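Q: Please take a close look at one part of this model, the largest pocket. What lines it, and what surrounds it?

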Amino acid sequence: MKRLLIRFLFGSLLLISLALYVITMTSWGLTRVFDYVAARVPGSLTVTQLDGAVVGPFNLSGLHYRDATLDIQIDQLQVDWQPRRLIGGLLRLSAVNATGVRVELLAATEKKAATTASALPMAMAWQNVTLQQLQIISAKSATPVSIEQITLQGHGEANRIQLEQLTMAAYHTRVLTSG
């Protein structure tokens with residue numbers, strides 16, 4: 001009886017370990033996690049192609065998010081993060097590179113933005129976050145704002161965000177601020 005119980009426990013542990021490996025270390029697992037998250041976010045979240053693993057780094061192509069106030073499209077998104085830091089309550093992004101970012105503020109955005117403030121769901125820290133070829137389109141303006149590149153580092157928690165460094169290049173001008 002003891003031997004049967006030990007075999008059962010060992011087999012269960014092996015099966016759980018295999019499942020965790022498949023979910024966190026394979027592209028198939030990344031796809032399942034993305035599908036799980038996409039089904040639970042408000043609005044619509046889709047992606048054309050996913051490569052990599054949940055534990056990172058991973059690449060997303062053709063990322064699209066839309067709700068009543070925003071329409072965001074990202075041609076390429078590369079993310080490298082430290083998921084083990086989630087255990088301590090910190091979302092740490094080591095590197096994020098987004099290329100071909102288009103943000104459209106829909107008509108309802110201006111009304112809603114004035115009345116709601118969002119808090120970060122957990123403490124965050126980010127390094128080497130780069131947005132390239134960014135376009136921001138407002139419902140009130142026919143001309144989009146085009147930014148060649150934004151690079152930032154910082155951290156935040158709850159209702160506070162601190163940018164440690166911000167670099168922006170647009171319209172043949174480069175701005176750098178830190179501190």
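A: What follows describes the pocket, then the nonpolar core, and then two single residues.

This is a predicted model, in which local features need pLDDT of at least 70 and side-chain atom pairs count only at pLDDT 80 or more, while totals for chains, interfaces and linings use all residues. Residues are numbered from 1 along each chain as its sequence is written, and side-chain values use heavy atoms, with hydrogens and water left out.

The largest pocket has a volume of about 1700 Å³. A pocket here is an open set of points on a 1 Å grid over the protein atoms alone, where a 1.4 Å probe fits, with protein on both sides within 12 Å along at least five of seven lines; lining residues have an atom within 4 Å of a point. The volume is the space filled by probe spheres set on the points, which are joined across faces, edges and corners.

Its lining consists of 36 residues, and L63, L77, L91, L93 and M124 lie nearest the centre. Two or more lining residues come from each of α2 (27-40), β3 (58-66), β4 (70-81), β5 (90-105) and β6 (123-138); helices (H or I, at least four residues) and strands (E, at least two) are DSSP runs, numbered from the N terminus. By class, 35 of the lining residues are nonpolar (Ala, Val, Leu, Ile, Met, Phe, Trp, Tyr, Cys or Pro), one is polar and none is charged.

The largest nonpolar core, a set of buried Ala, Val, Leu, Ile, Met, Phe, Trp, Tyr and Cys residues joined through side-chain atoms within 4.5 Å, has 27 residues. F34, L60, L63, L77 and V79 have the most contacts inside this core. Strand β5 gives the most to it, with five residues. Leaving aside residues up to four places away in sequence, L63 touches F34, L45, T46, V47, I72, Q73, I74 and L77 (contact means heavy atoms within 4.5 Å).

T130 lies in strand β6 and counts as buried because its relative accessibility is 12% (buried is under 20%, exposed over 50%, partly exposed in between, with a 1.4 Å probe and protein chains only). E157, in strand β7, counts as exposed because its relative accessibility is 51%.

The mean pLDDT of the protein chain is 88, pLDDT being the predictor's confidence in each residue, from 0 to 100. Among the elements, helix α3 (residues 109-115) has the lowest mean, 50, and β3 the highest, 96. Where pLDDT is low, the predicted coordinates should not be read in detail.
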